[in-house]
Amino acid sequence: MKLIKYAQLFSLVSLFTVSNVIVGQGNMERVLKNWNKESIPYIYPENLPMKDSIVYVDTREKEEFNVSHLRNALWVGYSNFDEAKVLNLIPNKSQPIIVYCSIGVRSENIGERLKRLGYTRVLNLYGGIFEWKNQDRIVYNNNDTPTDSIHAFSKHWGKLLKKGIKVY
């Protein structure tokens, strides 16, 4: 029993150390390769068609969304993701959907859940809202006003946000 606990502790310490090194280097590509399986195909901010027919789905927590989000994004959350709510909000399962979070990890997880619900056209925004802002793209607050503020999730992950005002 103690051996298992030591092994779990060693795994957690190793994971934290690796993530600190990778994030500390500030390389979005390296972080995403480490954390994602690429089970939901990426779409890059510079390749996004600006069409009203695309639904942007924010998979961050409500306090993150409240600071800033992509224009007209639907908030679905992460820890309190509600499948029934999503099915009601997006009844057309062939609707093009772009999921995003801070960098693209939580959004991949929610994208997988959307696929299991039967949605067929789900893409993950590469680098999430951080990369969006790093490329000088506009984000909006709850008053639908452009803002430079971005919820940086934590000081650890906030190292990947190079532009804008970090909010914790």
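Author: Buried here means under 20% relative accessible area. In this predicted model, buried residues make up 46% of the 168 residues in the protein.

Reader: Nice, that gives me a yardstick. Why is Gln-95 called buried?

Author: Gln-95 has a relative accessibility of 16%. The cut-off for buried is under 20%, so Gln-95 counts as buried.

Reader: Where is Gln-95 found, and what is Gln-95 in contact with, leaving aside its neighbours within four places in sequence?

Author: Gln-95 is found in the loop between helix H4 (83-89) and strand S4 (97-100). Leaving aside those neighbours, Gln-95 is in contact with Ser-53, Ile-54, Val-55, Ile-90 and Arg-121. To be called a contact, heavy atoms must lie within 4.5 Å.

Reader: Let's turn to the sheet. What makes S1 and S3 edge strands?

Author: Five strands form an open sheet with parallel pairing, in the order S1-S5-S4-S2-S3. Strand S1 (42-43) and strand S3 (74-75) each pair on one side only, which makes them the edge strands.

Reader: How do you know that S2 and S3 pair?

Author: Two strands pair if DSSP finds at least two bridges between them. Strand S2 (residues 55-58) and S3 have two bridges, in the parallel sense, so the pair meets that requirement. Val-57 stands opposite Leu-74 in S3.

Reader: And how many helices and strands are there in the protein?

Author: The protein has seven helices and nine strands. Among its contacts between residues at least 6 apart in sequence, 64% join residues at least 24 apart.

Terms used. Residues are numbered from 1 along each chain as its sequence is written. This is a predicted model: local features need pLDDT of at least 70, side-chain atom pairs count only at pLDDT 80 or more; totals for chains, interfaces and linings use all residues. Side-chain values use heavy atoms; hydrogens and water are left out. Helices (H or I, at least four residues) and strands (E, at least two) are DSSP runs, numbered from the N terminus. Buried means under 20% relative accessible area, exposed over 50%, partly exposed in between (1.4 Å probe, protein chains only).
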